[in-house]
Amino acid sequence: MQYTWTYTDPPNTIYNIGLYHGLDTGHVMVYCNDSIVIIDFNILEQKKYSFYIGEEFFELFLNKNEDGSFSYELKINNTVNTPLNKLRNAEQKNYNTLALVLGIAFVVIIGITIYFSVR
């Protein structure tokens, strides 16, 4: 079984990620562009692989279905403690603080407007 994914990082670098999984042998090969990232043998059950592409931390899931076939998922893990995820979390915290300040300012301005319009 062969699958491919394309990932483009923020500086617009394109990564072609490929998976080969021999269903009879269970041999697995994962590559990114021209480099082999993972080689594993006799994988006939579910398995998860983790690896970096650029600064992004990926997880590849080999899921065995009830009928014995496999399905494959490639996901970015945004929760693991990586430098990029720390930066994302700090940025999100700043956005949340800004949203809170703007929300409070909006409520105060509405309150002042109502107070002076009733007088």
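This is a short tour of the sheets, the salt bridges and one buried residue in a predicted model.

**Stop 1: the four-stranded sheet**

Start by colouring strands S1 to S4. Together these four strands form an open sheet in the order S1-S2-S3-S4, with antiparallel pairing. Strand S1 (2-8) and strand S4 sit at the edges, each pairing on one side only. Follow the sheet from strand to strand, and the twist averages 15° from one to the next.

Now select strand S2 (residues 14-21) and strand S3 (residues 28-32). These two run antiparallel and are joined by five bridges. Which residue in S3 is the bridge partner of Ile17? Click on Cys32, and you have found the partner. If you wonder what holds such neighbours together, strands of a sheet pair through backbone hydrogen bonds.

**Stop 2: the three-stranded sheet**

Next, colour S5, S6 and S7. Here an open sheet of three strands has the order S5-S6-S7, and the pairing is antiparallel. The edge strands are S5 and strand S7 (70-76), each of them pairing on one side only. On average, neighbouring strands of this sheet are turned by 20° against each other, direction ignored.

Zoom in on S5 and S6. Seven bridges pair these two strands in the antiparallel sense. To see a facing pair, select Tyr52, which stands opposite Phe57 in S6.

**Stop 3: salt bridges**

Show the side chains of the charged residues now. How many salt bridges are counted in this model? The count comes to four, and we will visit some of them.

Begin with Lys64 and Glu45, which form a salt bridge whose closest N and O atoms are 3.3 Å apart. Lys64 lies in strand S6 (residues 56-64), while Glu45 is in the loop between strand S4 (35-40) and strand S5 (47-53), so the pair ties together parts that are 19 residues apart in sequence. Switch on the surface to compare the two partners: Lys64 is partly exposed, with a relative accessible area of 30%, whereas Glu45 is exposed at 51%.

Move on to Lys48 and Glu59, whose side chains meet in a salt bridge at 3.5 Å, N to O. This pair links distant parts of the chain, with Lys48 in strand S5 and Glu59 in strand S6, 11 residues apart. Is Glu59 buried or exposed? Glu59 counts as buried, because its relative accessibility is 12% and the limit for buried is under 20%. Its partner Lys48 counts as partly exposed at 45%.

Then select Lys75 and Glu73, where the side chains meet in a salt bridge of 3.3 Å, N to O. Both ends have some exposure: Lys75 is partly exposed at 41% relative accessibility, and Glu73 is partly exposed at 32%.

**Stop 4: Phe70**

For the last stop, select Phe70 in strand S7. At 11% relative accessibility, Phe70 counts as buried. What does Phe70 touch, leaving out residues up to four places away in sequence? Its contacts include His21, Leu23, Ile43 and Leu44, as well as Leu62 and Asn63. Two familiar residues from the salt-bridge stop, Glu45 and Lys64, are also among the residues that Phe70 touches.

To finish, draw a distance line from Phe70 to Asn33. These two are 37 residues apart in sequence and 23 Å apart in space, C-alpha to C-alpha.

Conventions
Residues numbered from 1 in each chain as written. Predicted model: local features only at pLDDT ≥ 70, side-chain atom pairs only at ≥ 80, totals over all residues. Heavy atoms only, no water. Buried < 20%, exposed > 50% of the residue type's maximum accessible area, 1.4 Å probe, protein only. Pairing = 2+ DSSP bridges. Axes fitted to C-alpha atoms, helices over the stretch in contact; angles between N-to-C directions. Contact = heavy atoms within 4.5 Å.
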